[in-house]
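Subject: A structure to look through

Hi,

Here is the structure I said I would pass on. Have it open while you read, and find each residue as it comes up.

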Amino acid sequence: MNILDRYIFRTVASATAVALLVLLLLEFFLNLLMELESVGKGNYGFVEVIRYLLLIQPQHIYELFPMALLVGGLLGMGALAGGSELIVMRAAGLSLIRLTSSALQAGLLLSLLVLAIGEFIAPPLEQAAREQRAAAKSENLEIRSGRGFWARDGDYFIHVRAVLPGVRLVDIHVFKIHPEDARLEMVTVAQGARYVEDRWLLEGVQRSMLNGDSVQTEALTQLKVVSAINPQILDVLAANPDDLSIRDLWIYVNYLENNGLDAQDYWLVLWRKLLAPLAYMAMLVIAMPFVFGPNRSGGAGQRLLIGLLLGLLFFLLNYLLGNIVLLYGLPPLVGAGLPTLLFMGAGLVALRRLR
């Protein structure tokens, strides 16, 4: 990286950091207003609200970074254009592609840092934030909007109403289905369960075995069960797929496919995360024609508006194409990569026309 690359890196990085800080403060304020409505429930006070909001900030950094990078690229490179520095660089023989590649280097380094935050820091802090908030409110950590969750483990279909902090399950129903004729063989109901030594320990168990017209029922104080569903799978179930790390998504995708369940939604999110660096670069590429074009002398307000509109367009395109691809049964990779390719292609075509 030469002097020019370092100079452009500092310019883009500083503008991106300012844009990200503004977006984070705005979202922090909006979330604070929402969380204040819950103050007073159990032990959930103002201090707990601030702790919760601070713990989820790494996840917000990961989510808001694409918009911040787009706005930062427009403002940073736009400031160079407004000060005629880009004209001097081009007069020195540097092409638009060369200047764009310098901006992309800055974007790539920032992207790798943010991706590391999204992969290793944000998911555990997000999980800890949810658990601490649930504990402070004296509530169960309910999954799927309070309806609990369904899972499959071979011939067993499992429903869990809620999960307590510390990986304790509440109100479990286990249905065993005969693999040949899909006949219900056994129903197990447990008041609670906890994970001990690589297996689940069910407590307050009532088990009913169906054999033709007869039903045999037994009550057990405890019952140890070996299952493919472990605490890591539960963390995945309790979280929004967009909040999960690549590792957790990969684990859950394999779990779903091994149990014959539909994993297309999770494949789409997984591919989006894997292709995130390319998407970030596309955001910068689509911004460069507005920097080098005939309107490069426009003010910061104009560039900010352009950045917000482009970011909104990418978000809508990403959402719509992803759902359309899943609706028509196309590979999730298409839905994850097509918006990025469209933005990247449009930006390169526009840059080529400027040459």
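Below are my notes, sorted by topic. Keep in mind that this is a predicted model.

**Salt bridges**

How many salt bridges does the structure hold? The count is nine, and I'll walk you through three of them.

Start with Arg-133 and Glu-35, whose side chains meet at 2.9 Å, N to O. Arg-133 sits in helix α5 (residues 96–136) and Glu-35 in helix α1 (residues 3–35), so this salt bridge links distant parts of the chain, 98 residues apart. Glu-35 has a relative accessible area of 11%, so it is buried. Arg-133 comes out at 23%, which makes it partly exposed; the cut-off for buried is under 20%.

Stay on helix α5 for the next one. Glu-119 lies in that helix, while Arg-247 lies in helix α7 (residues 246–258). Their side chains form a salt bridge at 3.2 Å, N to O, and so parts that are 128 residues apart in sequence are tied together. Are the two partners buried or exposed? Glu-119 is buried at 11% relative accessibility, whereas Arg-247 is partly exposed at 46%.

The third one takes you to the strands. Glu-203 and Arg-168 meet in a salt bridge at 3.4 Å, N to O. Glu-203 belongs to strand β6 (residues 199–211) and Arg-168 to strand β4, with their positions 35 residues apart in the chain. Glu-203 counts as buried, with 18% relative accessibility, and Arg-168 is partly exposed, with 31%. There is a further partner to look for here: salt bridges that share partners join Arg-168, Arg-194 and Glu-203 into one network.

**Aromatic pairs**

Next, the rings. There are eight aromatic pairs, and two of them show different arrangements nicely.

In the first, Trp-150 and Phe-175, the ring centres are 6.1 Å apart. The planes are at 25°, so this pair is stacked; to count as stacked, planes have to be under 30 degrees apart. Trp-150 is in strand β2 (residues 149–153) and Phe-175 in strand β4 (residues 168–177), 25 residues apart. Trp-150 is exposed, at 55% relative accessibility, and Phe-175 is partly exposed, at 24%.

Now compare Phe-314 and Phe-343. Here the ring centres are 5.1 Å apart and the planes are at 75°, so the pair is edge-to-face. Phe-314 is in helix α10 (residues 300–327) and Phe-343 in helix α11 (residues 332–354), which puts them 29 residues apart. Both of these residues are buried.

While you have the rings on show, find Trp-250, Trp-267 and Trp-271 too: ring pairs link them into a cluster.

**The second largest pocket**

This pocket has a volume of about 350 Å³. Which residues lie nearest its centre? They are Ile-158, Val-174, Leu-202, Val-225 and Ser-227, out of 20 residues in the lining. Several strands contribute: β2, β3 (156–164), β4, β5 (184–196), β6 and β7 (214–225) each supply at least two lining residues. By type, the lining has 16 nonpolar residues, two polar and two charged.

**Helix α9**

Helix α9 covers residues 276–292 and makes a nice length check. At 1.5 Å a residue, its 17 residues should span 24 Å, and the end C-alpha atoms are 25 Å apart, which agrees. Is the helix enclosed, or is it out in the open? With 14 of its 17 residues buried, α9 is largely enclosed by the rest of the structure.

**Two residues with positive phi**

One last thing to look at, on backbone angles. Most residues other than glycine have a negative phi. Glu-197 has a positive one, near 55°, and Asp-198 also has a positive value, near 65°. Where do they sit? Glu-197 lies in the loop between β5 and β6, and Asp-198 has its place in that loop as well. Glu-197 is exposed, at 67% relative accessibility, and so is Asp-198, at 61%.

That's everything from my notes. Shout if you get lost anywhere!

Cheers

Methods:
Residues are numbered from 1 along each chain as its sequence is written. This is a predicted model: local features need pLDDT of at least 70, side-chain atom pairs count only at pLDDT 80 or more; totals for chains, interfaces and linings use all residues. Side-chain values use heavy atoms; hydrogens and water are left out. Rings of Phe, Tyr and Trp (its six-membered ring) pair if their centres lie within 6.5 Å; planes under 30 degrees apart count as stacked, over 60 as edge-to-face and the rest as tilted. Helices (H or I, at least four residues) and strands (E, at least two) are DSSP runs, numbered from the N terminus. Buried means under 20% relative accessible area, exposed over 50%, partly exposed in between (1.4 Å probe, protein chains only). A salt bridge is a side-chain nitrogen of Lys or Arg within 4 Å of a carboxyl oxygen of Asp or Glu. On a 1 Å grid over the protein atoms alone, a cavity is a set of points where a 1.4 Å probe fits but cannot get out, and a pocket is an open set with protein on both sides within 12 Å along at least five of seven lines; lining residues have an atom within 4 Å of a point. Grid points are joined across faces, edges and corners, and a volume is the space filled by probe spheres set on the points. Ala, Val, Leu, Ile, Met, Phe, Trp, Tyr, Cys and Pro count as nonpolar, Asp, Glu, Lys and Arg as charged, and the others, Gly among them, as polar. The expected span of a helix is 1.5 Å times one less than its number of residues.
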